[in-house]
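Biologist: Please take a close look at the aromatic rings in this model and explain, step by step, how they are arranged and what surrounds them.

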Amino acid sequence: MDIVGIIDAVDGFVWGVPMIVLLLGSHLFLTARTGFIQRKLPLAIKLSITKDPDAEGDISQFGALTTALSATIGTGNIVGVATAILAGGPGAVLWMWLTGVFGIATKYSETYAAVKYRVKDHEGKMLGGAMYAWERAFTRPDGSVPAWAKAGAVLFALFAAIASFGIGSAVQSNSMTTVILANAPGIPVWGIGLGIVIMVSIVIFGGVTVISKVCEKLVPFMAIAYAWGCIMIIGMNWDFVWPAIKLIFTAALDPRSAFGGLLGSGVMAAIQFGCARGLFSNESGLGSAPIVASAASTRNPARQALVSMTGTFWDTVVICALTGIVLVSTMLAHSEVVDQIASGSITAGAQLTSAAFASIPYVGTPILVVGMILFSYSTILGWSYYGNRCAAYLFGKHAVRPYQVLYVLAAFVGSLGVANVVWNASDVANALMAVPNIIVVLLLSGLIARETHHYVYSGNLDEASTDEIPQHADK
């Protein structure tokens, strides 16, 4: 078996029944444990645009949210949805959506843990994430950290740093290059790659403050523009929208009901690929977004946790759902797209997305091109911060600059060409990151539930936390 076959086999294994049970089980458990925190979404959305100037932190709550959204709203919202449909049928869209709905509670819980156990570096900048939650939550009275807790911290940081080169850099730059070449074939690939490197470098070398300022302006614009474009296409496909929604629901439990059984290979495939692409899209349970959330100015962990959980709502419950409806309704309205799948002309998510959007005259292709470029670019920015924080945790502050150089190099290499193997490798990295992150969140779920009751349900959201934020020893 070659390397591609090995990666495919590993991907199939890690995203088998155990991971689905762990992921969806955690989403459901934390939904119950937090008292169905999803019902606080209106409050959370209000908090996301409310400043908390007197609180400790490096960036605003909205800046932390948009930086996290810059990383989560990416190719997973466009190509990832199409990939899930091809592999699991239209029903995979429903499983993606459900992963988002219940994943809101997981995003809340993992962010709560990260902010509660954040630390400061030698310059007073905030550091946080699952690695610090593992360390601080289980520190013994004598100040020592149990070997098992240290292992959980190191494994999370290691998997996240490695994953950032694929999910955050190479895959995104390849998506940008693919869509640019499809519409401007005369541009040399190396030129596109160099342009991506320059666009990324001028932002990420400025640190989290510069990244967050760029994302505060870029993310709302790109999300609203893409959503409006999808709504325009849905309007053009209006007669097929309701049949598309019904097909998404029926195919979730009976994939044979979709296009004569052409797409998907069973209920398990719909669940597997829907959940995999759902996590790839919204990252709930992955532990990535809490890293930047830890830098936010917030007076207590609950406030930022509420703000962060809106990211999953916007990403999957709204954007992925819109993309899914656009794709399925277009396939129903334009049978030639389904014929191309049947003939083998369309075998990848990017091809399905291009064909579906191109079938809509005038507006379809421009929406796809602009959306893909902006979404991919913003994802590269957001993930660069996640990776450099993990690299600094593992190897010290002097590892940040070499990491950033390698990160932009990965973006250049990705622009030269990656295949489905990179998507599958990213799925594997997602799973490996999720395991130590979900474990620590479940171990802390009792504490999170108690403090959530105090802050959120007892009307104490304006109360400042009494937790001391210690300085972390720089390596």
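Modeller: Rings of Phe, Tyr and Trp, the last taken by its six-membered ring, are paired here if their centres lie within 6.5 Å. In this predicted model, Trp134, Phe138 and Trp148 form one aromatic cluster, and the count of aromatic pairs by this rule comes to 11.

One of these pairs is made by Phe165 and Tyr407, whose ring centres lie 6.4 Å apart with 45° between the planes. The pair counts as tilted, because that class takes the angles left between stacked, under 30 degrees, and edge-to-face, over 60. Phe165 belongs to helix H8, which covers residues 147-183, while Tyr407 belongs to helix H18, which covers residues 400-416, so that the pair links distant parts of the chain, 242 residues apart. The two partners also differ in their cover: Phe165 has 26% relative accessibility and counts as partly exposed, whereas Tyr407 is buried, with a relative accessible area of 0%.

Tyr407 takes part in another aromatic pair, with Tyr403, which is likewise tilted, at 5.7 Å centre to centre and with 35° between the planes. Here both residues lie in helix H18, 4 residues apart, which is about one turn of the helix. Tyr403 counts as buried because its relative accessibility is 5%, and the cut-off for that class is under 20%. Tyr407 is thus a ring that pairs with Phe165 of helix H8 and also with Tyr403 of helix H18.

A ring can also have a charged group over it, and an example is found at Tyr117, where Lys116 lies over the face of the ring, at 5.8 Å from the ring centre.

As for the surroundings, the protein chain has 20 helices and 2 strands. Its radius of gyration is 21 Å, close to the 23 Å that the globule rule gives for 475 residues, so the chain is as compact as a globular protein of that length. Along the principal axes, the C-alpha atoms fill a box of roughly 65 × 45 × 45 Å. Of the 475 residues, 60% count as buried, a class that includes Tyr403 and Tyr407. Among contacts with a separation of 6 or more, 85% come from residues 24 or more positions apart. Finally, the protein chain exposes about 17,700 Å², of which carbon and sulfur atoms supply 68%.

Methods:
Residues numbered from 1 in each chain as written. Predicted model: local features only at pLDDT ≥ 70, side-chain atom pairs only at ≥ 80, totals over all residues. Heavy atoms only, no water. Buried < 20%, exposed > 50% of the residue type's maximum accessible area, 1.4 Å probe, protein only. Lys NZ or Arg CZ within 6 Å of the ring centre and 35° of its normal. Rg over C-alpha atoms; globule rule 2.2 N^0.38 Å. Contact = heavy atoms within 4.5 Å. Areas by Shrake-Rupley, 256 points an atom, 1.4 Å probe, with all protein chains shown as cover.
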